[in-house]
Amino acid sequence: MGAVNGYVAACKDLDGFLVVQSETLRRPPQPDHVPAILDRERAGPGRHRAAKGADGRRDLPEVDHARMRVTVLVPAHDEEDQIAETITSLHAQRRRPNRIIVIADNCTDRTADIAQAHGAEVIRTVGNRHKKAGALNQVLEVLLPLMGSRDAVLVMDADSALDPGFVHHAVLRLATGRLAAVGGTFTGKPGGGLVGMFQRNEYARYARDVRRLHGKALVLTGTATLFRALALKEVVRARRAGRLPGRDQVYDVRVLTEDNELTLALLHLRFRLLCPAECTLTTEVMETWKDLFKQRLRWKRGALENLTDYGWTRVTLPYWGRQLLSLVGIVVIFAYLGATAWSIAVTGRLDFHPLWVAVTGVFMIERIVTVRSRGGGQMAVAGLLFVEMIFDVFLQIAQAKAFWDAAWRRERKW
């Protein structure tokens with residue numbers, strides 16, 4: 001396949017509209033020697049077949065980590081306040097990426113100009129109706145066919161900033177061929193007042209859980225994940241063959257949570273995924289209760305619909321189990337509040353039933369211990385039952401609405 005050079009006026013027609021207008025999109029430099037199987041893969045429709053590991057999972061070709069090529073894709077919609085910090089964090093990497101591409105998706109601000117001023121390539125989408133997933137698909141459709149075994153694609157949000165060792169450690173993991181993708185664990189950026197504090201504590205708990213599971217996170221988050229290009233190609237082939245939901249693109253544009261769906265796709269293709277403790281970053285928090293509610297409603301609704309698309313499989317079984325536990329949690333919290341309110345209303349005082357005293361004690365201990373990484377001040381705040389209960393009830397309401405909307409198939413909103 002020849003190089004794709006110069007200014008690309010229109011790279012591909014997708015659903016009746018022009019996909020990309022861009023700066024230079026060109027084939028990455030070729031290695032001195034390309035194994036025959038990979039040369040066939042690049043030159044034609046031949047399929048790369050990943051080897052099967054001893055655990056039944058699929059291995060990819062092992063490569064020299066020093067020769068891996070990392071292309072960063074940062075989809076951005078009106079992110080002029082965040083994009084400079086994002087790109088700066090990429091330039092500050094111990095192992096710097098080979099290319100940084102900001103995908104300016106229907107921007108009405110200075111996102112593109114700021115990105116270019118900070119040394120990133122910029123690709124502007126035209127007519128994209130599918131938000132982040134659509135923007136990424138437009139660029140991946142051009143770049144992915146030109147990539148081989150030594151290529152990796154880092155997809156990250158425009159409001160996130162990587163810690164300096166992220167790419168270095170992720171590349172070392174991917175180069176072994178054991179993993180198809182390496183995701184990050186994140187902490188929250190400052191801001192947002194009380195609601196921001198709650199989210200930072202929540203993210204600390206999530207990172208703790210991932211570490212305790214030795215990096216076995218259930219979702220490769222969109223904040224930052226490094227993929228082997230070969231694995232993304234396999235996703236496209238599997239969708240085209242009908243082995244996975246969605247049309248023949250990397251991201252399924254029908255869903256609300258494209259990152260969760262892509263995680264399920266890779267797992268159903270028997271690839272291994274990991275979120276190692278060394279791959280960390282910071283990301284923006286929602287600064288209002290309204291925005292946070294919308295975000296969590298979308299996350300929960302999207303996760304439920306992703307599972308519905310994939311059905312009941314060996315891969316989705318633990319995910320369905322977590323949804324069941326989530327539903328039980330909703331019942332328990334409202335039973336707890338209902339029993340407390342009934343006691344006050346009927347007797348005029350708060351009766352301490354042994355069951356609810358035990359539940360309260362477990363809840364308080366869990367809240368305190370799981371934010372230890374945030375320091376003594378946050379542990380003290382977490383120990384105040386009514387403070388943490390505010391956030392927990394808020395999240396349970398959002399989840400309950402997501403279950404209700406999914407059950408009644410109400411209109412999905414981003």
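Which element gives the largest share of the lining of the largest cavity? In this predicted model, one cavity of 30 Å³ or more is counted, and the largest cavity has a volume of about 60 Å³. Its lining is made up of Val 155, Leu 220, Thr 221, Gly 222, Thr 225, Phe 227, Tyr 251, Asp 259, Leu 262 and Thr 263. Two elements, strand E13 (224–228) and helix H8 (258–268), each give two or more residues to this lining, and the largest share, three residues, comes from H8.

Salt bridges, of which the structure holds 19, include several pairs that are distant in sequence. The side chains of Arg 58 and Glu 234 meet in one of these, with an N to O distance of 3.8 Å; this pair links strand E5 (residues 58–59), which holds Arg 58, to helix H7 (residues 229–240), which holds Glu 234, across 176 residues of the chain. Both Arg 58 and Glu 234 are buried. In a further salt bridge, the closest N and O atoms of Arg 178 and Asp 59 are 3.8 Å apart, and the two residues, 119 apart along the chain, are found respectively in the loop between helix H5 (166–175) and strand E11 (181–183) and in strand E5. Arg 178 is partly exposed because its relative accessible area is 40%, whereas Asp 59, at 17%, counts as buried.

A salt bridge is also formed by Arg 254 and Asp 309, whose closest N and O atoms are 3.4 Å apart. Arg 254 lies in the loop between H7 and H8 and Asp 309 in helix H9, and the pair therefore ties together parts that are 55 residues apart in sequence. Arg 254 is partly exposed at 40% relative accessibility, and Asp 309 is likewise partly exposed, at 37%. Arg 58, Glu 234, Arg 237 and Arg 243 are joined into one network by salt bridges that share partners.

Val 315 is placed in the loop between helix H9 (289–310) and helix H10 (317–347), and with a relative accessible area of 17% Val 315 is buried. The C-alpha atom of Val 315 is separated by 6.5 Å from that of His 268, although the two residues are 47 apart along the chain.

The unreviewed UniProt entry places the feature "transmembrane region" at residues 324–346 and 381–404. In the model, residues 324–346 are 100% helix and 0% strand, with end C-alpha atoms 32 Å apart, while residues 381–404 are 92% helix and 0% strand, with end C-alpha atoms 32 Å apart. On the surface, a nonpolar patch with about 490 Å² of accessible area together is formed by Leu 194, Trp 289, Leu 384, Phe 386 and Ile 390. Of these residues, Leu 194 is found in helix H6 (residues 193–212) and counts as partly exposed, at 44% relative accessibility.

Methods
Residues numbered from 1 in each chain as written. Predicted model: local features only at pLDDT ≥ 70, side-chain atom pairs only at ≥ 80, totals over all residues. Heavy atoms only, no water. Patch = residues over 30% accessible without salt bridge, like charges linked within 9 Å, V, L, I, M, F, W, Y side chains within 5 Å. Areas by Shrake-Rupley, 256 points an atom, 1.4 Å probe, with all protein chains shown as cover. Salt bridge = Lys/Arg side-chain N within 4 Å of Asp/Glu carboxyl O. Helix = DSSP H or I, 4+ residues; strand = E, 2+ residues; numbered from the N terminus. Buried < 20%, exposed > 50% of the residue type's maximum accessible area, 1.4 Å probe, protein only. UniProt positions renumbered as here; feature names shortened; annotations may be inferred. 1 Å grid on protein atoms, 1.4 Å probe; cavity = no way out; pocket = protein on both sides within 12 Å on 5 of 7 lines; lining within 4 Å. Points joined across faces, edges and corners; volume = space filled by probe spheres on them.
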